[in-house]
Amino acid sequence: MIRVVLPAHLRTLARVDGEVELDVTGQVTQRSVLDALERRYPMLCGTIRDHVTQQRRAFVRFFACGEDLSHESPDTPLPGAVATGAEPFLVVGAIAGG
Amino acid sequence: MSKVRVLVGTRKGAFVLTADGKRKQWEVSGPHFAGWEIYHLKGSPADPNRLYASQSSGWFGQVIQRSSDGGKTWETPGGGVTFAPSGMPKGESNKFVYDTSPATGKPLTTHQWYDGTQHPWEFKRVWHLEPSLTDPETVYAGVEDAALFRSTDGGKTWQELAGLRGHGTGPKWQPGAGGMCLHTILLDPSHPGRIFIAISAAGAFRSDDAGKTWRPINRGLRSQYIPDPTAEIGHCVHRIAMHRSRPGVLFMQKHWDVMRSDDAGESWREVSGNLPTDFGFPIDVHAHEPDTLYVVPIKSDSEHYPPEGKLRVYRSRTGGNEWEALTKGLPQSDCYVNVLRDAMAVDSLDRCGVYFGTTGGQVYASADAGDTWAPIVRDLPAVLSVEVQTLP
């Protein structure tokens with residue numbers, strides 16, 4: 001079970017409280033986690049990564065295990081602690097103005 | 001008794017203001033979508049309970065919201081768990097993808113960038129949503145970078161009406177200070193296929209075949225700030241308004257100049273007359289008097305506030321040229337707010353109500369066609385848009 005922490009505005013949009021738990025089959029990567037997230041919550045499509053290019057939106061960051069993974073390849077395996085559910089994968093809205 | 005519902009989009013959420021036909025006591029609901037920019041929300045003329053809202057943020061992009069109960073509850077159209085044949089979620093209500101050239105698969109066109117080079121179109125947000133006059137499931141979206149999209153399934157999926165960008169002048173369009181936005185969409189009730197749109201800073205355009213083909217309608221506009229002041233395109237049109245009973249007559253607030261067309265945009269003439277300044281953003285027409293207009297003069301393009309610190313709506317009862325200042329109930333000293341292009345609306349009660357919102361967060365209402373004004377609310381976030389629905 002993969003744990004994902006969403007920023008407050010996206011929790012409101014997806015109508016969830018607290019962490020989201022997802023089943024991810026195969027390798028646990030940014031791409032497979034976000035695919036599973038969007039499959040469960042289609043209203044989040046386009047809000048974290050671009051609809052067409054699948055690029056991370058400029059003011060969204062990905063953190064896990066105390067590291068900034070935003071610039072990692074979307075197909076790089078996430079840390080083992082995320083894959084086992086010991087640590088959450090954090091989607092963060094960057095501090096960028098009002 | 002009739003009532004009115006005022007839909008207010010702000011920098012940090014949407015608000016719904018309701019009152020009975022007297023328009024004295026108001027209930028305020030909101031903020032809806034708190035923290036998000038709500039550029040526009042508008043109700044369907046065919047089903048007043050169907051509302052559409054454009055919700056966006058610099059962090060998370062564009063979201064379309066829809067209500068089927070007059071704004072009590074909202075949903076992202078298609079945001080439930082539905083799947084395409086590929087197994088991927090459909091969730092496409094916030095997906096605005098520009099058409100590409102059918103021949104090459106490459107971008108349809110580019111536009112002029114600030115440095116004179118050509119630049120690809122990049123979607124930023126929906127500025128304006130215009131529901132169909134007859135079908136609650138059909139709605140048009142004017143977006144930045146300028147293009148027109150249409151949904152025929154209640155906002156679930158969107159298709160570009162690419163004949164607008166592709167008609168030939170696109171490479172000459174360039175952004176205004178607020179971005180290159182398509183901000184005005186007028187549907188002609190007497191010619192079902194006729195659509196007027198306006199873009200900053202390209203100008204006004206018309207389609208007579210439901211959006212398939214387009215042409216510029218800017219003859220008579222004169223803009224000193226462009227190399228050829230009477231060019232076919234390049235004019236910074238801020239807003240166009242029409243009266244339903246006489247859709248061939250159009251009124252325009254341009255960057256500078258208030259203009260009028262009596263031939264569906266084929267030609268324009270200036271009707272600024274005795275306005276203290278002819279710069280401004282919104283323009284609207286009285287619900288029952290097609291020659292009664294409202295504008296809010298703003299000092300200049302670099303000083304976006306009322307002249308002399310006096311917030312004055314100007315009304316013409318003669319279709320332009322002769323204007324009177326409406327001041328009763330509006331601040332007449334030390335007022336330095338702006339009124340944005342989508343932030344004025346009229347109801348269709350008798351007497352006609354007029355509403356506008358300011359960048360200072362006030363929404364003012366007049367229940368007597370502008371003779372007197374009072375604030376409904378004073379301290380909202382900066383107001384981006386105001387629409388009103390007259391309900392039975």
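Where in chain B is the place of B:Phe33? B:Phe33 sits in the loop between S3 and strand S4 (37-43) of that chain, in a model that is predicted.

## Confidence of the model

For the complex, the predictor reports an ipTM of 0.91 together with a pTM of 0.95. Chain B has a mean pLDDT of 94, with 97% of its residues reaching 70 or more. Within chain B, however, residues 81-90 have a pLDDT that stays under 50, and for this stretch the model has 13 contacts beyond four places in sequence.

## Cis peptide bonds

The bond between B:Gly30 and B:Pro31 is a cis peptide bond with an omega of about 0 degrees, and B:Pro31 belongs to strand S3 (residues 27-32) of chain B.

A cis peptide bond also runs from B:Ser200 to B:Ala201, where omega is near 0 degrees. B:Ala201 is located in the loop between strand S14 (195-200) and strand S15 (203-207) of chain B.

## Positive phi outside glycine

Although B:Phe33 is not a glycine, its phi is positive, at about 55 degrees. B:Phe33 has 25 other C-beta atoms within 10 Å, and because 20 or more are needed for a residue to count as buried, B:Phe33 is buried.

B:Asn321, which is not a glycine either, has a positive phi of about 75 degrees, and this residue is found in the loop between strand S23 (313-316) and strand S24 (324-326) of chain B. B:Asn321 counts as partly exposed, because its 15 C-beta neighbours inside 10 Å fall between the cut-offs of 12 or fewer for exposed and 20 or more for buried.

Definitions and conventions:
Residues are numbered from 1 along each chain as its sequence is written. Chains are lettered from A and ligands numbered from 1 in the order in which they are written. This is a predicted model: local features need pLDDT of at least 70, side-chain atom pairs count only at pLDDT 80 or more; totals for chains, interfaces and linings use all residues. pLDDT is the predictor's confidence in each residue, from 0 to 100. Two residues are in contact if their C-beta atoms, placed from the backbone, lie within 7 Å. Helices (H or I, at least four residues) and strands (E, at least two) are DSSP runs, numbered from the N terminus.
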